[in-house]
Amino acid sequence: RAWLSSSPVGRRPRLRPAGAMATDDKYDRQLRLWGSHGQRALMEAHICVLGGTAVATETLKNLVLPGIGRFTVVDSARVESADLGNNFFVEETDLGKPRAQVVCNWLQELNPDVKGAYLEKDSKAAVAEGRAFFEPFSLVVACQLPEPVAAQLGAICQELNIALVCITSLGFVGKVRLFKAEHAVCETKPDSELGDLRLTDPFPELRRFVDSIVMESLDDMQHGHVPYVVILIKAIDAWRKGSDGKKLPTTKEEKDKIKQIILGMRRSDAEQNFAEAMDSAYKAWIPYSIPDAVKEVLELQTSNPKSDFWIVARAVSQFVRDCGKLPLAGSLPDMTATTDWYVKLQEIYSSRAGGDCAAINAHIAGIQRELGVDGAVSSEFVSRFCQNAQYAEVFKIRTLEDECRPCSTEEGGVDLAEEASDEESLIQWYLALRAAEKFRAERGHLPGALCGDGEAALSSDVAALTVMGTSLVDSYRAVPYVEGVTIDPKILEEVVRYGGCELHTTSSVLAGIASQEVIKLLTKQYSPLNNTLIYDGLHGKSQVLEF
């Protein structure tokens, strides 16, 4: 195969020393989001982008700037005048040149760390080559790909165990569809974190530290700097003494009683540590539990048991069976405290977490011997998994082929009737985009692409699209509870008016969403959308639908 590139495709990206990344590197700001390990994952990635239209180049722009390692643009088109109106990565002097080459060259100017390549090949032909074509890539971004071809590509990506992101941009609307058969994440980073302070059942080292602080013997300065962790544990202890053996409060009255105990311990309204204790009082009565998503991870049977994630997950599962709890995260939030007390508390949590991590490593060694796996799992990854064990999750995303086969909600399908009855739902745009794909598969072009501007000229395509849309909805009739659902004729008319055009504004928004999901998938951090996002630029709305 002849690869055309301004630099060899096979060359690996220059990786900066991990220690240098977090200080004077130009990626410092984003390192605060996904860390040096996340940045390294980006810099080691090789992305295949099928298509060279506006949505493809805008997606790549958002990946080149944060330092993706390599990308390859696959596109057979030549730059036309229409590209000048919606693609910022072509200019008038590029007319007639291979679009893949042009956008590749312009994109590389954004970041000299990134290596780009291009291949003058039709996207459908690339997919037809099958597994061999996509083996070099870490992830595939498919832009404006027909539905049957996208489903075929999904099967290839499933076989290679790589992620696929499909983007469709049409007029003022579009969709982003993710697919990865199994996506394991140990750093989902939820918006609200309860933390892992173990207040309701302190471990021995924490208990000894709390008991060593006698509130009544402290002077006012010390009293105003007792860490709120200590205050909350002492408040729970005091409440338990009068609770007739009850471990934790459950009623509002009982919870208010704990707050009264905290306020009763306070000497002055100026004591900030007691205000922090009041703000965090809820942490003192939420019983320790392992989240359901984490239980699923620990109990899940995977097809890839020798991967680092699943070896560590299995080790954590053994640890939970032995101890009844997940390994301690070991992190401590900011709080009002003396330096000595805060450092001591940090040491207590860190030491306990280190001990738990050591136990996990012992389990890992046994599991690797059992599986016949050579080479140690990175200690950094084991530590990171233990720190984030309470937020680990595995996402199972249905295939594109399954999406095209309507099924009931019990089988994982969307509740079409409920969505159709909701005025805020974007399900009608989803159905219209699917109908447009059926139209393209049958006619070889999108609705309205070959019509004039008048209503009469559009009417033929509107009628044909209506038939296909009705047929699509009829395919859901076999699923219970979808009787009475029809496709909106006004939305079909709007799709025909778009004439198959791609608007830069719409593509820019979709590309921003898609590139964010690509980064999540590559760094294996944060929760990806599951699995289809519909964007309505007419009303500035978006919705995630799970198919």
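**Figure 1. Contacts of Lys-283 in the predicted model.** Leaving aside residues up to four places away in sequence, Lys-283 touches Leu-194, Leu-197, Leu-199, Thr-200 and Tyr-228. With Tyr-228 there is also a polar contact of 3.4 Å between the two side chains. Lys-283 belongs to the loop that runs between helix 13 (272-279) and helix 14 (292-299). Its relative accessibility is 15%, so Lys-283 counts as buried, the cut-off for buried being under 20%.

**Figure 2. A nonpolar surface patch formed by Leu-194, Tyr-282 and Ile-286.** Together the three residues of the patch have about 230 Å² of accessible area. Leu-194 comes from the loop between strand 8 (183-185) and helix 9 (204-212). The relative accessible area of Leu-194 is 38%, which makes this residue partly exposed. Leu-194 is also one of the residues touched by Lys-283.

**Figure 3. Helix 5 (residues 99-108) and its surroundings.** Of the 10 residues in helix 5, 7 are buried, so the helix is largely enclosed by the rest of the structure. The buried residues are Arg-99, Ala-100, Val-102, Val-103, Cys-104, Leu-107 and Gln-108. Their cover includes two helices, helix 3 (54-64) and helix 4 (81-84), and two strands, strand 3 (70-74) and strand 4 (115-119).

**Figure 4. Cysteines Cys-104 and Cys-157, with their nearest cysteine sulfurs.** The count of disulfides in the model is 0. For Cys-104, the closest cysteine sulfur is that of Cys-48, and no bond is possible because the distance is 12 Å. A disulfide would require the two sulfur atoms to be within 2.5 Å. Cys-104 has 0% relative accessibility and therefore counts as buried. Cys-157 is likewise in no disulfide, as its nearest cysteine sulfur, in Cys-166, lies 8.0 Å away. Cys-157 is buried, with a relative accessibility of 0%.

**Figure 5. Packing and ends of helix 22 (residues 489-498).** Ile-491, Leu-492, Glu-494, Val-495, Val-496 and Tyr-498 are the buried residues of helix 22. These residues pack against strand 6 (163-170) and strand 7 (173-179), and against helix 20 (427-443) and helix 21. At the start of helix 22, Asp-488 places a side-chain oxygen within 2.9 Å of the backbone nitrogen of Lys-490. After the helix comes Gly-499, with a positive phi near 60°.

**Figure 6. Ala-435 of helix 20 and the residues it touches.** Ala-435 has a relative accessibility of 0% and counts as buried. Not counting residues up to four places away in sequence, Ala-435 touches Leu-465, Met-468, Gly-469 and Leu-472. Between Ala-435 and Ala-464 the C-alpha to C-alpha distance is 9.8 Å, with a separation of 29 residues in sequence.

**Figure 7. Ala-463 in helix 21 (residues 455-474).** With a relative accessible area of 43%, Ala-463 is partly exposed. Ala-463 is 121 residues from Tyr-342 in sequence, and their C-alpha atoms are 72 Å apart in space. Helix 21, where Ala-463 is placed, is one of the elements against which the buried residues of helix 22 pack.

Technical notes
Residues numbered from 1 in each chain as written. Predicted model: local features only at pLDDT ≥ 70, side-chain atom pairs only at ≥ 80, totals over all residues. Heavy atoms only, no water. Patch = residues over 30% accessible without salt bridge, like charges linked within 9 Å, V, L, I, M, F, W, Y side chains within 5 Å. Areas by Shrake-Rupley, 256 points an atom, 1.4 Å probe, with all protein chains shown as cover. Salt bridge = Lys/Arg side-chain N within 4 Å of Asp/Glu carboxyl O. Helix = DSSP H or I, 4+ residues; strand = E, 2+ residues; numbered from the N terminus. Buried < 20%, exposed > 50% of the residue type's maximum accessible area, 1.4 Å probe, protein only. Polar contact = N/O pair within 3.5 Å; in protein donor to acceptor, adjacent residues only side chain to side chain. Contact = heavy atoms within 4.5 Å.
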